[in-house]
Amino acid sequence: MKILQDTALTYDDVLLVPQYSNVDSRRVLSTKSWLTKKIALHSPIVSANMDVVTESEMAITMAREGGIGIIHRFMTIAEQTRQIERVKKAESFIVDRPITMTDQHTVGDVKRIVEETDTGGILIVDKDEKLIGIITTRDLLFEEDDSRPVTAIMSREIHSAPPNTSLKDAERLLHEYRVEKLPLVDKNGKITGLVTLKDIMKITKFPKATKDSKGRLAVGAAVGVRDKEMRRVEAALQAGADCIVVDIAHGDSNLEIDMIKNIRKHFSDAQIIGGNVATADGTKRLIDAGVDSVKVGVGPGSICITRQVAGSGVPQLTAVIQCADAARDSGIPIIADGGIRFPGDVAKAVAAGAQTVMIGSMLAGTDESPGMILTRRGHRYKASRGMASLAANIERNKREGNDLTREEVEDYVAEGVEAAVPYRGKAREVLNQLVGGLQSGMSYSGAQSVEDFQKKAIFVRMTGAGLRESGPHDVEVLG
Ligand code: XMP
């Protein structure tokens, strides 16, 4: 038995000491940081791989806002693949398989398809699948005779571009031709894709977006550590996942390390995130096994009871500081996972050495998380729960065709709880608060960048009285 004498601290135990600053505007401070050695984020926020937090809708918003979402693993491989593909398709400026109709169809047929698919234009092809015309909603607007052939109203003057047209060229051509749709056509007149003005405008609306090398939104996928999970890794990478999170509660373990080595062996280019750990030694072991990023946090999460059940864990600020110190020489970034309650906690986590911060329950309360809004006594909530809670375990087994027996339910030792979190509106608003808090924290430390912040930050410890003084006090908070 050994007792470590240093007191371990968490976010509420400290404050960042204000320092001289020559930052004129906090909102323009760059928060660019690294998720892995190769993936940069403009907003260093990661949505947790929890079934109440990240599926495709959350991942799309996260990536558009400059962060990233990790699709959880509590679903079939096929379903996880679909979720990843949905993110990958969300913002591609090329529609791969645009809807086509033939010269044999009528105006009524086109109207029906336009309504059913909510598309603004249909490409018309001949029997050899060559593009011969285009119909837009404007062409259909005042057309009353549904029995007329499409060839009577379609526009035959088609402006098209070659299959490998770049985003820049597509923008230029749409402008030059004054059209909203640009079919991509090969040498034989066959359609290979479609560029629409609407899709291009969506892209330019999110300048901070996290993208892969093909210009698609970035997304991560969580996997477990059992041998059969290698199939999940392969499917996720094939679907375009940008990183793989090897997700277990006690990441400083042979199971985790074997899985990391296995992934590295079979997919040498994969960006692998390992975790969770809470010590310097654990961090080093994962780095030696070949990870590109280490996820830190044992028991700090809002829905975790690991520390109560197992008596194990390290208060999160100390865990982040020690793990970041251990990783520094290798250049492998740290993700501070769990326990973020206020935007200022993001600033503290990053100042302590984390490159990014993973968020669970704060995002579980938003529109983009899976699940419905519940109303109780006039207040709105959404569900959150630990992935090691009893309910999550029962549901997971059910999905795998395993109905747990009464004994199995009774014997299960849960390390997470089921909970409700206040409804928080759009994920974007939560992210703005978190990133805004980080920028403010940087500014109070006189820092111009994340790197600068980590060098300059000075923490001061505080007592319970200091903590009380730090929140609203002696007033009735109205909003
Ligand atoms: P927050 O505080 O953001 O934390 O809600 C999210 C993180 O909590 C972890 N997590 C768990 N930890 N038992 C645990 O001990 C659980 O059942 C559980 N479920 C999630 C996870 O690291 C997540 O990112």
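# Report on a predicted protein–ligand model

The protein chain holds 19 helices and 21 strands, and the reader should keep in mind from the start that this is a predicted model. Computed along its principal axes by calculation, the C-alpha trace of the protein chain spans about 85 × 60 × 55 Å. Of the 479 residues in the protein chain, 49% are buried. When contacts between residues at least 6 apart in sequence are considered, 65% of them join residues at least 24 apart.

## The barrel

Eight strands make a closed barrel in the order β4-β5-β12-β13-β14-β15-β16-β17, and their pairing is parallel. On average, and with direction ignored, neighbouring strands of this barrel sheet are turned by 25° against each other. Strands of a sheet pair through backbone hydrogen bonds, in either a parallel or an antiparallel sense.

Two places in the barrel show how this pairing is built up. Strand β5, made of residues 68–71, pairs with strand β12, made of residues 220–223, over two bridges in the parallel sense, and Ile71 has Ala221 in β12 as its bridge partner. Helix α2, which covers residues 77–90, lies across β5 and β12 and runs at about 160° to β5. Further along the barrel order, β13 and β14 run parallel and are joined by four bridges, with Val245 finding its bridge partner in Ile273 of β14. Strand β14, residues 272–277, is mostly covered, since six of its six residues are buried.

The loop between β13 (243–247) and α9 (254–266) contains Ala249. At 59% relative accessibility, a value over the 50% cut-off, Ala249 counts as exposed. Apart from its neighbours within four places in sequence, Ala249 is in contact with Asn276 and Val298. Ala249 and Lys187 are 62 residues apart in sequence, and their C-alpha atoms are 54 Å apart in space.

## The open sheet

A second arrangement of strands is an open sheet, in which three strands follow the order β18-β19-β20 with antiparallel pairing. Because β18 (374–376) and β20 (418–422) each have a single partner strand, they stand at the edges, and one side of each is left without a neighbour in the sheet. Neighbouring strands of this open sheet are turned by 50° against each other on average, direction ignored. Strand β19, residues 379–385, runs antiparallel to β20 and is joined to β20 by five bridges; within this pairing, the bridge partner of Ala383 is Ala420 in β20.

## Helix α3 and its cover

Helix α3 takes in residues 107–117, and its buried residues are Val107, Gly108, Val110, Ile113 and Val114. The elements that cover these buried residues include the strands β7 (100–102), β8 (121–125) and β9 (131–136), together with the helices α4 (137–141) and α5 (150–153). After α3 comes Asp118, whose phi is positive, near 55°.

## The ligand

The ligand is surrounded by 21 residues, and the closest of them are Ser302, Cys304, Thr306, Asp337 and Ala388. The table lists three polar contacts in which a backbone N or O atom of the protein lies 2.7 Å from an atom of the ligand.

| Residue with the backbone N or O atom | Ligand atom | Distance |
|---|---|---|
| Gly360 | oxygen | 2.7 Å |
| Ala388 | oxygen | 2.7 Å |
| Glu415 | nitrogen | 2.7 Å |

Ala388 therefore appears twice in this picture.

## Cysteines

Cys304, one of the closest residues to the ligand, counts as partly exposed because its relative accessibility is 29%. Cys323, by contrast, has a relative accessibility of 0% and so counts as buried. Which cysteine sulfur is closest to that of Cys323? The closest is the sulfur of Cys304, and at 16 Å it is too far for a bond, given that a disulfide needs two cysteine sulfur atoms within 2.5 Å. By this rule the count of disulfides comes to zero.

Conventions. Residues are numbered from 1 along each chain as its sequence is written. This is a predicted model: local features need pLDDT of at least 70, side-chain atom pairs count only at pLDDT 80 or more; totals for chains, interfaces and linings use all residues. Side-chain values use heavy atoms; hydrogens and water are left out. Two strands pair if DSSP finds at least two bridges between them. Axes are lines fitted to C-alpha atoms, for helices over the stretch in contact, and angles run from 0 to 180 degrees between N-to-C directions. Buried means under 20% relative accessible area, exposed over 50%, partly exposed in between (1.4 Å probe, protein chains only). Contact means heavy atoms within 4.5 Å. A residue is near a molecule or strand if one of its heavy atoms lies within 4 Å of it. A polar contact is a pair of N or O atoms within 3.5 Å; within protein, one must be able to donate a hydrogen and the other to accept it, and residues adjacent in sequence count only if both atoms are side-chain atoms.
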